[in-house]
Amino acid sequence: EAYTQEKLYIIAGPEFHDQCGHTLIISKALYGLKSSGLRWWERFSEVLLEMGFKPSKAEDDIWMKDMKTHYEYIARYVDDLAIISKNPQDIIDSFIKKYNFKLKGSGPITYHLGSDFHRDKYNILCMSPTKYIGRMVDNYTRMFGSKPKMNYSSPLEKGDHPELDTSDELDIDDTKKYQSLIGALQWLITLGRFDIATAVMTLSSFRAAPRQGHLERAQRIYGYLAKMNAASTRFRTMIPDYSIITPPEYDWSKSIYGDVSEILPENAPPPYGPQVIMTTYVDANLCHDVITGRSVTGIIHFLNQTPIDYYTKKQPLVETATYGSEFMAARTATEQIMDLKTKLRYLGVN
């Protein structure tokens with residue numbers, strides 16, 4: 001769909017028959033050229049600008065169009081699009097009829113970037129990487145000759161410490177298998193399965209020199225996923241009920257901070273629609289790694305009643321008391337809240 005900007009040519013080989021030996025000029029960006037991705041990005045950006053969309057300041061691959069009462073959005077990942085609109089068919093028709101793009105799989109979202117989408121019996125949109133888990137299980141079966149055991153109800157055993165494992169180190173072939181298993185699990189977390197995030201984060205520490213016990217733990221996670229393959233993220237837009245919670249009032253005027261207010265971005269688009277409420281849960285697991293003494297921070301962010309972001313990582317410093325690890329986790333969560341609020345404001349969210 002895009003044209004090259006560089007002068008590119010090939011010398012035709014025998015597969016070109018009567019044109020063999022001719023100099024052939026490459027005019028369109030082909031798969032395999034180093035600059036093709038950029039050329040396509042530029043081409044599609046021009047199209048979106050013509051259609052009245054502008055890139056969001058929060059994320060330049062989320063494009064927005066001001067409809068005066070709401071926004072239309074197009075989120076793109078290379079050439080995969082998620083269109084959010086009251087009249088998405090008008091946008092699709094414009095791509096096909098005006099710009100001659102060849103679209104496939106267009107319609108109400110059912111599969112996108114590795115995740116399946118469906119609506120439950122309450123008509124709530126749900127996201128679940130079921131097909132991706134199926135491919136992971138198939139790959140596991142080819143790798144080990146049998147399917148993973150499905151008798152686990154948690155990714156790892158409670159109180160398990162893989163860093164204390166003293167079983168034999170894996171050979172090169174089994175190490176590659178372990179690394180492959182961990183890589184697939186990490187992408188699955190990106191697709192929404194944050195229930196395995198802490199377990200996979202823990203096992204990722206041993207990718208360079210894993211032991212037999214670490215491989216068995218990774219196999220356990222696969223068994224857990226095979227059993228719980230239908231777990232979904234539900235996009236619930238209802239406002240959570242916090243009526244029983246009374247926010248404490250603080251007088252900061254006599255503190256080192258003074259009487260200050262939050263600095264708001266001046267160039268954010270006007271917010272439309274009903275307000276949303278952000279909720280963040282944060283915790284710390286003191287001395288998660290008993291050898292290094294490092295704790296782990298765990299964070300989940302919600303918009304209304306939908307989890308939208310999550311984080312689990314070992315803390316960089318060693319804390320000897322729960323207070324220190326909790327405080328460090330709270331600070332990380334607060335920084336993420338500030339970042340998310342800025343992104344939402346630049347997306348026109350009220």
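## A tour from hairpin to pocket

Start by selecting Thr297: it stands opposite Lys313 in S13. What you have open is a predicted model, and this pair is a handy way into it.

Now widen the selection to strand S12 (residues 296-303) and strand S13 (residues 306-314). The two run antiparallel, joined by 8 bridges. Zoom in on the link: S12 and S13 make a hairpin with 2 residues between them. Click on Asn304 in that turn, where phi is positive, about 55 degrees.

Time to zoom out. The whole chain has 7 helices and 13 strands, and its C-alpha trace spans about 75 × 60 × 45 Å along the principal axes. Colour by burial if you like: of the 350 residues, 36% are buried. Take contacts between residues at least 6 apart in sequence, and 62% of them join residues at least 24 apart.

Next stop, the sheet. Select S3, S4, S5 and S6, and you get an open sheet of 4 strands in the order S3-S4-S5-S6, with antiparallel pairing. Which strands stand at the edges? Those are strand S3 (54-55) and strand S6 (80-84); each has a single partner strand, so one side of each has no neighbour in the sheet.

Move inward to strand S4 (residues 62-66) and strand S5 (residues 71-77), an antiparallel pair with 5 bridges. To see one residue pair there, show Trp63 and its bridge partner in S5, Ile74. Then bring in helix H1 (residues 36-50), which packs on the sheet and touches S3, S4, S5 and S6. The direction of H1 makes about 170 degrees with that of S5.

Add helix H2 (residues 88-98) as well. H2 lies across S5 and S6, and runs at about 140 degrees to S6.

Last stop: the second largest pocket, with about 820 Å³ of space. Which residues come closest to its centre? Select Glu262, Thr334, Ile337, Met338 and Lys341; these are the closest of the 17 that line this pocket.

Now show strand S11 (278-285) and helix H7 (322-346), since each supplies at least two residues of the lining. H7 gives the largest share, 6 residues. Finally, colour the lining by class, and you'll find 9 nonpolar, 5 polar and 3 charged residues.

Conventions:
Residues are numbered from 1 along each chain as its sequence is written. This is a predicted model: local features need pLDDT of at least 70, side-chain atom pairs count only at pLDDT 80 or more; totals for chains, interfaces and linings use all residues. Side-chain values use heavy atoms; hydrogens and water are left out. On a 1 Å grid over the protein atoms alone, a cavity is a set of points where a 1.4 Å probe fits but cannot get out, and a pocket is an open set with protein on both sides within 12 Å along at least five of seven lines; lining residues have an atom within 4 Å of a point. Grid points are joined across faces, edges and corners, and a volume is the space filled by probe spheres set on the points. Ala, Val, Leu, Ile, Met, Phe, Trp, Tyr, Cys and Pro count as nonpolar, Asp, Glu, Lys and Arg as charged, and the others, Gly among them, as polar. Two strands pair if DSSP finds at least two bridges between them. Contact means heavy atoms within 4.5 Å. Axes are lines fitted to C-alpha atoms, for helices over the stretch in contact, and angles run from 0 to 180 degrees between N-to-C directions. Buried means under 20% relative accessible area, exposed over 50%, partly exposed in between (1.4 Å probe, protein chains only).
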